[in-house]
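Good morning, and thank you for joining. I should like to take you through one structure, beginning with its terms and then turning to a strand, its charged pairs and a helix residue.

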Amino acid sequence: MAMGLVELESYARPRVLPIHAFAGDECVISSASAAANTSTDSAANAGELLLPAEVGLSIEHISPEGVYLVDNGIDFILRIGRAVNPAILNDLFGMTDVSAYPGKVLRLRAPPAEDTRSHAARLRALIDYLRRLSPYYQEVRPKFHKSRI
């Protein structure tokens, strides 16, 4: 696969977005944006999305209580810390305990159409938006981390 300069930069220095602590209207699709969308894709295709501030990909910025979307331009890695709030896990995957993960294939839960503020809805909007910007279709690969970070 050939990569352009932008894709190579994303691969060498991946974007890390915290999704466990969305603030305000980060990754919320407004009803006006959703109404303006006439395509069959997600409402995120209708306009811009307010993204959470990036964090550094280092131990100082990654928390065991956090969930982070790592965008390397090829895949989306959903990095899930060992001490994530069970309510967030339930919202995203329908499970409340990281230890229930071994061997299971995880799928993100599909939020109801009217839901724009849950973690699941915001993460879906974010993924749809970033996929629209990428020349490649990026798979979401959940990774649970059971180490100290």
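Let me begin with accessibility: a residue is called buried under 20% relative accessible area, exposed over 50%, and partly exposed in between, using a 1.4 Å probe and protein chains only. This is a predicted model, in which local features need pLDDT of at least 70 and side-chain atom pairs count only at pLDDT 80 or more, while totals for chains, interfaces and linings use all residues. Residues are numbered from 1 along each chain as its sequence is written, and side-chain values use heavy atoms, with hydrogens and water left out.

Strands and helices are DSSP runs numbered from the N terminus, with at least two residues of type E for a strand and at least four of type H or I for a helix. Two strands are said to pair if DSSP finds at least two bridges between them.

I turn first to strand S2, residues 67-71. How many of its residues are buried? Five of its five residues are, and the strand is thus described as mostly covered. In general, side chains in a regular strand alternate between the two faces of the sheet. In S2, Val-67, Leu-69 and Asp-71 are buried on one side, and Tyr-68 and Val-70 are buried on the other.

Which strands flank this one in the pairing? Strand S1, residues 15-18, pairs with S2 in the antiparallel sense over four bridges, and Leu-17 stands opposite Leu-69. Strand S3, residues 75-80, also runs antiparallel to S2, joined by five bridges; there, Leu-78 is the bridge partner of Leu-69. The hairpin of S2 and S3 has three residues between the strands, and Gly-73 takes a positive phi near 85° in it.

Next, the charged pairs. Side chains of opposite charge can pair when their charged atoms come close. The criterion for a salt bridge here is a side-chain nitrogen of Lys or Arg within 4 Å of a carboxyl oxygen of Asp or Glu. The structure holds three of them.

One joins Arg-15 and Asp-71, at 3.7 Å from N to O. This pair links Arg-15 in strand S1 with Asp-71 in strand S2, 56 residues apart. Arg-15 is partly exposed at 23% relative accessible area, whereas Asp-71 is buried at 8%.

Another joins Asp-25 and Arg-117, at 2.5 Å from N to O. Asp-25 lies in the loop between S1 and helix H2 (31-36) and Arg-117 in the loop between helix H3 (86-93) and H4, so the pair ties together parts 92 residues apart in sequence. Asp-25 is partly exposed at 43%, and Arg-117 is partly exposed at 46%.

There is also a salt bridge between Arg-141 and Asp-75, whose closest N and O atoms are 3.3 Å apart. Arg-141 belongs to strand S4, residues 139-144, and Asp-75 to strand S3, 66 residues away. Arg-141 is partly exposed at 36% relative accessibility, while Asp-75 is buried at 18%.

Finally, I come to Arg-122, in helix H4, residues 119-133. What is the nearest side chain of opposite charge to Arg-122? It is Glu-26, 5.6 Å away, and Arg-122 is buried yet has no salt bridge. For charge, Lys and Arg count as positive and Asp and Glu as negative, with His and the chain ends not counted. The backbone oxygen of Arg-117 lies 3.1 Å from a polar side-chain atom of Arg-122.

How values were computed: Polar contact = N/O pair within 3.5 Å; in protein donor to acceptor, adjacent residues only side chain to side chain.
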